[in-house]
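User: Please take a close look at the aromatic residues in this model. I would like one connected account of how they pair and what lies around them.

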Amino acid sequence: MKILNLLLLDKEARLFDTKEFLIKVFVAVILGYTVGGFVPYVSGDMISLLFGMILTIEPVNMTGIRSGLKQVEATIIGAAVTGIILALLGYSMWTAALSIVVTLYVSLLIDWRNYSVVAMFTAIYMNTFIQPNAFGDNSQIETFKLRIAALMTGVAIAFLVNWLFSVFGYRHMLEKRVYHILDDLSNKMILIATMLENKRFEDAQDIMRSFPGLFNNVD
């Protein structure tokens, strides 16, 4: 039974449509490989296609669109910073380190609390997955073109899958989330009542630490 419990999703995960999310990712990956088979250019960078696609898979269409647009923005930032440094200083371990650090710095300037993983990935990508131009020379432009084409394809597939599943897969999403919030709040109220009834005031801090999670779920 313990092994079965480890393999099965818990109640909270079911309420947050984890099963539907897994199915969406499966369908999206199949579509990604199918599109890659029809478009040889994009298939040259399946990592960007699949990575960008999975990051854009969301229960809510607008959330997915925002996630996709942020990825495109972060990719442009990472490519611009790295491309300028490589164009001026050439390819070496020193310029790779410099371009990654500068990309990290620019990302923190935009949002000092979080750095963009996508921007960092793009900086590493531009230094390691270098594409040649028509003359066979290393080209930041060709590298960026492949990266953005594969990313945009993955994001477009994610948009399609998000929309398709929203039609039939999330009909009771609001009810499930409201039920989860009310259930969580009820459990916390019971803990507070029990603490006061038994005068176990030392439990107050532990109970209050659990409230930020509730607030995040409400948000």
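Analyst: Phe 121 and Tyr 125 share helix α8 and sit 4 residues apart, about one turn of the helix. Helices here are DSSP runs of H or I with at least four residues, numbered from the N terminus. The model is predicted: local features need pLDDT of at least 70, side-chain atom pairs count only at pLDDT 80 or more, and totals for chains, interfaces and linings use all residues. Numbering starts from 1 along each chain as its sequence is written, and side-chain values use heavy atoms, with hydrogens and water left out.

Searching the whole structure gives 3 aromatic pairs. Rings of Phe, Tyr and Trp (its six-membered ring) pair if their centres lie within 6.5 Å; planes under 30 degrees apart count as stacked, over 60 as edge-to-face and the rest as tilted. One of the pairs joins Phe 51 to Phe 121, 5.4 Å centre to centre with 40° between the planes, and is tilted. This pair links distant parts of the chain. Phe 51 belongs to helix α5, Phe 121 to helix α8 (residues 117-128), and 70 residues separate them.

The rings of Phe 121 and Tyr 125 have centres 6.1 Å apart and planes at 45°, so this pair is tilted. Ring pairs connect Phe 51, Phe 121, Tyr 125 and Phe 129 into a cluster.

How exposed or buried are these rings' residues? Phe 51 is partly exposed, at 30% relative accessible area. Phe 121 is partly exposed too, at 22%. Tyr 125 counts as buried, at 5%. The cut-offs are under 20% for buried, over 50% for exposed, and partly exposed in between (1.4 Å probe, protein chains only).

Helix α5 (46-56) also supplies the largest nonpolar core, as do α3 and α9 (140-168); each gives two or more residues. A nonpolar core is a set of buried Ala, Val, Leu, Ile, Met, Phe, Trp, Tyr and Cys residues joined through side-chain atoms within 4.5 Å. This one has 13 residues. Ala 28, Leu 49, Leu 50, Met 53, Ile 57, Ile 157 and Val 161 touch the most other members. Helix α9 gives the largest share, 5 residues. Leu 50 touches Val 29 and Tyr 33, leaving aside residues up to four places away in sequence; contact means heavy atoms within 4.5 Å.

One more aromatic residue, Phe 26, lies in helix α3 (residues 18-38). Phe 26 is exposed, with a relative accessible area of 59%.
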